Amino acid sequence: MSRLAFALAVLLLGSLDAQEFVGARDFLTDYEVDVLRERQEFKDRIEAYTKFAALRLELLDQSMDEDEAGRGAKVHRTLKEYGSIIQAIDDVIDDALLRNRKMDGALADLLAAERGFATRLAAIAAEPEADAWRYEFVLEDAIGITHDSIELLEEDLGERKREVARQDEVEKQRQRERMAPERRREARRDEAAQQEEATEYERKRPSLLRPGEKLGNR
């Protein structure tokens, strides 16, 4: 699912929890899906996804150290899973921007991690194995996906949010034009409810400040 399609599905069809896992079992284990369901905060979700991506690269390193039949297919599958995880991370970030969710410093750690991922993938590409033909194209895809994600993380968040919102509005308008009038009205009501829910969520976020205390007070 593309980033734009993911964001549109969330806005038109339901909550993040419901939509985030559409197709996720194609590249996540059942355990990983359960872990994500327990991670309700944005930072926790990003940390979980980052660990899943790191695990795929550890599995990749192990496979590259092996010399057994079927290794190329295993490497191919691991790289596909890794690329899907990085794309899922970008989807979650874009959704959080659309919903005005707090990032809580999660992106700095993610950027550092992805730069490390890019270095490891580049090292594998630099020393091709005899069976590299089995996975060379998906390796190129994984490298490209990682670099694209890094570029997005280095981009100004305000600019990224405006671009995501612009693309989202264009796609929603296309969707509305293909809807029947009644379904179009329902979609607008759904969007308003989603926005109200996001606003209420931010208003009720728990605070560690004591009553009357403000940030900056000693």
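Leaving aside its neighbours within four places in sequence, which residues is T78 in contact with? The legends below take up this question first and then turn to other views of the predicted model.

**Figure 1. Surroundings of T78 in helix α5.** T78 belongs to helix α5, which covers residues 71-98. Once neighbours within four places in sequence are set aside, the contacts of T78 are R56, L59 and L60. The relative accessibility of T78 is 7%, and the residue therefore counts as buried.

**Figure 2. The whole chain in outline.** The predicted model contains nine helices and zero strands. Along the sequence the order of elements reads α-α-α-α-α-α-α-α-α. Of the 218 residues in the chain, 42% are buried. Contacts between residues at least 6 apart in sequence were also examined, and 72% of these join residues at least 24 apart.

**Figure 3. Helix α5 along its length.** Helix α5 is built from 28 residues. The distance from its first C-alpha to its last is 41 Å, close to the 40 Å expected at 1.5 Å a residue. The helix is mostly covered, with 21 of the 28 residues buried. One residue of α5 is D90. Although charged side chains are the subject of several later views, the point to note here is the accessibility of D90, which at 3% makes this residue count as buried. D90 also lies 8.2 Å from L152, C-alpha to C-alpha, while the two are 62 residues apart in sequence.

**Figure 4. N100, after the end of helix α5.** N100 follows α5 and sits in the loop between α5 and α6. Its phi is near 60°, a positive value in a residue other than glycine. Most residues other than glycine have a negative phi. With a relative accessibility of 37%, N100 counts as partly exposed, because the range for that class runs between 20% and 50%.

**Figure 5. Packing of helix α5 against helix α6.** Two packed helices are described by the angle between their axes and the distance between the axes. For α5 and α6 the angle is about 155° and the axes are 13 Å apart. The two helices are therefore roughly antiparallel, since the angle is over 145 degrees. Their crossing is left-handed. On the α5 side, L79, Y82, I86, I89 and I93 take part, and they meet L107, L110, E114, F117 and L121 of α6. By class, the residues of this contact are nine nonpolar, no polar and one charged.

**Figure 6. Packing of helix α6 against helix α7.** Helix α6 spans residues 106-126 and helix α7 spans residues 136-154. Their axes lie 9 Å apart, and the packing angle is about 155°. The pair is therefore roughly antiparallel. The crossing of α6 with α7 is left-handed. From α6 the contact draws on L107, L110, L111, E114, R115, F117, A118, L121, I124 and A125. From α7 it draws on L139, A142, I143, T146, H147, S149, I150, L153 and E154. Sorted by class, the contact of α6 with α7 holds 13 nonpolar, three polar and three charged residues.

**Figure 7. Helix α7 and its buried residues.** Helix α7 has 19 residues and, at 1.5 Å a residue, should span 27 Å. The C-alpha atoms at its ends are 27 Å apart, in agreement with that expectation. The buried residues of α7 are V138, L139, A142, I143, I145, T146, S149, I150, L152 and L153. One of them, L152, is the residue paired with D90 at a C-alpha to C-alpha distance of 8.2 Å.

**Figure 8. Crossing of helix α5 with helix α8.** Helix α8 comprises residues 157-178, and its axis comes within 9 Å of the axis of α5. The two axes cross at roughly 90°. Helix α5 is therefore roughly perpendicular to α8. Residues D90, I93, D94, L97 and L98 of α5 form one side of the contact. The other side is formed by L157, R160, K161, V164, A165 and D168 of α8. The contact of α5 with α8 comprises six nonpolar, no polar and five charged residues. Within it, D90 of α5 is a buried residue, at 3% relative accessibility.

Key: Residues are numbered from 1 along each chain as its sequence is written. This is a predicted model: local features need pLDDT of at least 70, side-chain atom pairs count only at pLDDT 80 or more; totals for chains, interfaces and linings use all residues. Side-chain values use heavy atoms; hydrogens and water are left out. Axes are lines fitted to C-alpha atoms, for helices over the stretch in contact, and angles run from 0 to 180 degrees between N-to-C directions. Helices (H or I, at least four residues) and strands (E, at least two) are DSSP runs, numbered from the N terminus. Angles under 35 degrees count as roughly parallel, over 145 as roughly antiparallel, 65 to 115 as roughly perpendicular and the rest as oblique. A crossing is left-handed if the near helix is turned anticlockwise from the far one by less than a right angle, and right-handed if clockwise. Contact means heavy atoms within 4.5 Å. Ala, Val, Leu, Ile, Met, Phe, Trp, Tyr, Cys and Pro count as nonpolar, Asp, Glu, Lys and Arg as charged, and the others, Gly among them, as polar. Buried means under 20% relative accessible area, exposed over 50%, partly exposed in between (1.4 Å probe, protein chains only). The expected span of a helix is 1.5 Å times one less than its number of residues.
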